[in-house]
Amino acid sequence: MKLISCNANRPLAEAIADHLDCPLTDAEIKNFADNEIFVRINENVRGEDVFVIQSTSRPANDNLMELLICIDALKRASSERVTAVIPYFGYARQDRKTDGRTPISAKLVANLISSAGADRVLTMDLHAGQIQGFFDIPTDNMIASPVMVDDIMRRYQGKDLMVVSPDVGGVVRARSLAKRIGADLAIVDKRRPEAGVSEVMNIIGDVDGRECILVDDICDSGGTLVNAAAALKEKGASSVSAYITHGVLSNRATKRVDDSVMDELVICNTINPSEEDRKSKKLRILSVAPLLGEAIRRIANNESVSKLFD
Ligand code: R5P
């Protein structure tokens with residue numbers, strides 16, 4: 001097996017490599033003066049089972065192009081099989097036509113990855129599970145919840161927990177986590193009058209006196225979580241924390257969280273947080289490297305990956 005890291009999240013790739021005790025393959029991925037991307041794999045990969053690790057996070061287009069060009073280089077170097085390991089799959093929220101004459105960009109990106117030559121995809125907490133079907137190659141969609149459950153069990157033992165979905169679209173994800181930790185479920189009825197703006201309409205469930213845990217796939221501007229936390233506290237929640245797989249964290253989201261009534265924001269390291277974000281007093285980061293590493297090991301050995309969800 002060979003592991004290659006593009007530039008989006010090298011610390012995660014290094015942690016996966018450590019977990020697998022398999023050094024990252026030497027590769028050069030750089031920009032020419034005009035910003036075009038150049039890739040050179042500095043080791044023989046002929047006949048190898050190669051895993052390219054790259055989140056298509058901000059700058060989404062540059063990171064996507066790095067991934068595509070790297071896959072192309074590997075196929076042309078006669079790799080036997082190339083798996084695109086995409087811990088955070090960007091463009092996933094554009095997964096349907098929301099209006100006339102708009103694209104389905106998630107499908108376009110899936111087509112690009114397959115056309116570049118990827119043989120399979122390993123990703124995590126896709127915004128919508130159906131996006132797996134946008135790929136005509138085998139696609140494993142890991143869930144980060146085992147990592148979150150471990151952390152919640154350690155920190156909240158014996159507490160009166162309520163898992164909260166910050167919108168109706170996240171109910172399945174939140175219910176599954178609530179079941180794993182044996183907690184009740186509440187739902188925030190969120191309205192999005194326009195992209196990037198969210199308003200809480202109602203809370204479904206009695207959160208009075210409960211320790212609330214918001215669960216979501218993405219924290220982008222932080223608006224959804226901050227508004228939900230305020231509404232939950234208003235209804236009597238004794239604490240509100242959030243467990244999020246992908247910390248997209250745009251537009252000074254961590255500042256918004258720091259200034260809010262939310263007690264803690266826990267994200268996974270599918271996206272490498274900036275130095276600025278790491279300074280947030282409410283941010284804590286969980287590593288999904290062992291989980292992704294184990295999935296890679298199982299794919300390489302043709303073992304069951306779904307075992308990791310149990
Ligand atoms: C939307 O359906 C997602 O699951 C997240 O709730 C959303 O992307 C969060 O965005 P923001 O942090 O900007 O409110």
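**Notebook: salt bridges**

I started with Arg93, which counts as partly exposed because its relative accessibility is 38% and the buried class ends under 20%, the exposed class beginning over 50%. The model I am reading is predicted.

I looked up the partner of Arg93 next. Its side chain meets that of Asp220 in a salt bridge, with 3.0 Å from N to O. Arg93 sits in the loop between strand E5 (81-86) and helix H3 (105-116), and Asp220 in the loop between strand E11 (211-219) and helix H6 (223-234), so this pair ties together parts 127 residues apart in sequence. Asp220 is also partly exposed, at 24% relative accessible area.

I then turned to Lys190. Its side chain forms a salt bridge with that of Asp167, at 3.1 Å, N to O. Lys190 belongs to strand E9 (residues 184-194), while Asp167 lies in the loop between strand E8 (161-165) and helix H5 (171-181); the two are 23 residues apart, and the pair links distant parts of the chain. Are Lys190 and Asp167 buried or exposed? I noted both as buried.

My third pair was Arg298 and Glu294, whose closest N and O atoms are 3.1 Å apart in a salt bridge. About one helical turn separates them, because they are four residues apart in helix H9 (residues 289-300). Arg298 counts as buried at 15% relative accessibility, and Glu294 counts as buried at 18%.

I also checked for shared partners. Asp151, Arg154, Arg155, Glu264 and Arg284 are joined into one network by salt bridges that share partners.

Last, I asked how many salt bridges the structure holds. The count I wrote down is 24.

Terms used
Residues numbered from 1 in each chain as written. Predicted model: local features only at pLDDT ≥ 70, side-chain atom pairs only at ≥ 80, totals over all residues. Heavy atoms only, no water. Salt bridge = Lys/Arg side-chain N within 4 Å of Asp/Glu carboxyl O. Buried < 20%, exposed > 50% of the residue type's maximum accessible area, 1.4 Å probe, protein only.
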